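Take a look at the chain below before reading on. The text then walks through the fold step by step.

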Amino acid sequence: MAEAVKNDFSKGGVGHAIFQMAVPTTIAQLVNLLYSVVDRVFIGHLPASSSLALTGLGLCLPVISIVIAFARLCGAGGGPLCGIFRGQGNLKRAQRAQGNSFAMLVVLGLALTAVGEVFLQPILFAFGASADTFGYAAAYARIYLIGNVFVMISLGMNSLITAQGFGRTAMVTTMMGAAINLALDPIFIFGLDMGVEGAALATVIAQMCS
């Protein structure tokens, strides 16, 4: 009951509610950027192949952006609907919106994984891969796509968590994932000598934990 009152946006000022939700959300978005930055920092220190590896990782950015876009489609669409229904006092429809969003994240995540694995080569070459960089790009993208469902759930459901008034929870889960990624990158990339595959695996595990 205390949590229900705490997250009742009909109580208190509008400005305070916006500030209370906007600050954690902004921090979470900034922390999300650390995933790609941290990967590039460590991959840039690979001996002998850092330039090609960084180029290959850069070629995966459009693939990652597509995944994020579909995750936002479900989260940014379902979150406001969930909030509207909660405001109307219709918790059943709010739960349905949340459940539908989760189901769409899983279905779209599996679909993107299948399409990406089948058409990965032409997709990467369309984005500018060469014979030298394709191996690095494909190594990262294949592992990232295998764990694509976890990435989408982590990104998409955070919007619904925020819509229910748990902005800090969404922020903490994002920060936890970024911290795990930061800890696992050097272990997988250098300790286990996995290179770009290690960076992708660290990202997927971090999103899974998040």
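What follows goes from the whole chain to its helices, two single residues and a cavity.

This is a predicted model. The chain holds 11 helices and zero strands. Read from the N terminus, the order of elements is α-α-α-α-α-α-α-α-α-α-α. Along its principal axes, the C-alpha trace spans about 60 × 30 × 25 Å.

Now the surface and the contacts. The chain has 210 residues, and 41% of them count as buried. About 10,700 Å² is exposed, with carbon and sulfur atoms supplying 71% of that area. Take the contacts with a separation of 6 or more: residues 24 or more positions apart account for 75% of them.

Helix α5 is a good place to start. This helix covers residues 61–87, which is 27 residues. What span should its end C-alpha atoms show at 1.5 Å a residue? The expected span is 39 Å, because the rise is multiplied by one less than the number of residues. The end C-alpha atoms of α5 lie 38 Å apart, which agrees.

Which residues of α5 are buried? They are V63, I64, V67, A71, C74, G75, G78, G79, C82 and F85. Their cover includes α6 (91–118), α7 (120–126), α8 (134–146) and α9 (148–163). After α5 comes G89, with a positive phi near 80°.

Helix α4 spans residues 50–59. Its buried residues are S50, A53, G56, L57 and L59. They pack against α3 (34–43), α5, α7, α8 and α11 (196–209). Both α4 and α5 thus have buried residues that meet α7 and α8, since α7 and α8 pack against those of α4 and are part of the cover over those of α5.

S50 deserves a closer look. This serine sits in helix α4. Is S50 buried or exposed? Its relative accessibility is 18%, and the cut-off for buried is under 20%, so S50 counts as buried. Leave aside the neighbours within four places in sequence, and S50 is in contact with I43 and G44. F102 gives a sense of distance. S50 and F102 are 52 residues apart in sequence, and their C-alpha atoms are 38 Å apart in space.

D185 is the second residue to inspect. Its place is in helix α10, residues 167–191. D185 has 0% relative accessibility and therefore counts as buried. What does D185 touch, leaving aside its neighbours within four places in sequence? The contacts are V38, D39, F42, F190, G198, A199 and A202. Helix α3 covers 34–43 and helix α11 covers 196–209. V38, D39 and F42 carry numbers from that α3 range, while G198, A199 and A202 carry numbers from the α11 range.

Last comes the empty space. How many cavities of 30 Å³ or more does a search of the whole structure find? The search finds one. The largest cavity holds about 30 Å³ of space. Its lining is made of N32, Y35, S154, L155, N158, T174, Q207 and S210. Helix α9 gives the most to this lining, with three residues. By class, two lining residues are nonpolar, six are polar and none is charged.

Definitions and conventions: Residues numbered from 1 in each chain as written. Predicted model: local features only at pLDDT ≥ 70, side-chain atom pairs only at ≥ 80, totals over all residues. Heavy atoms only, no water. Helix = DSSP H or I, 4+ residues; strand = E, 2+ residues; numbered from the N terminus. Buried < 20%, exposed > 50% of the residue type's maximum accessible area, 1.4 Å probe, protein only. Contact = heavy atoms within 4.5 Å. 1 Å grid on protein atoms, 1.4 Å probe; cavity = no way out; pocket = protein on both sides within 12 Å on 5 of 7 lines; lining within 4 Å. Points joined across faces, edges and corners; volume = space filled by probe spheres on them. Nonpolar A, V, L, I, M, F, W, Y, C, P; charged D, E, K, R; others polar. Areas by Shrake-Rupley, 256 points an atom, 1.4 Å probe, with all protein chains shown as cover.
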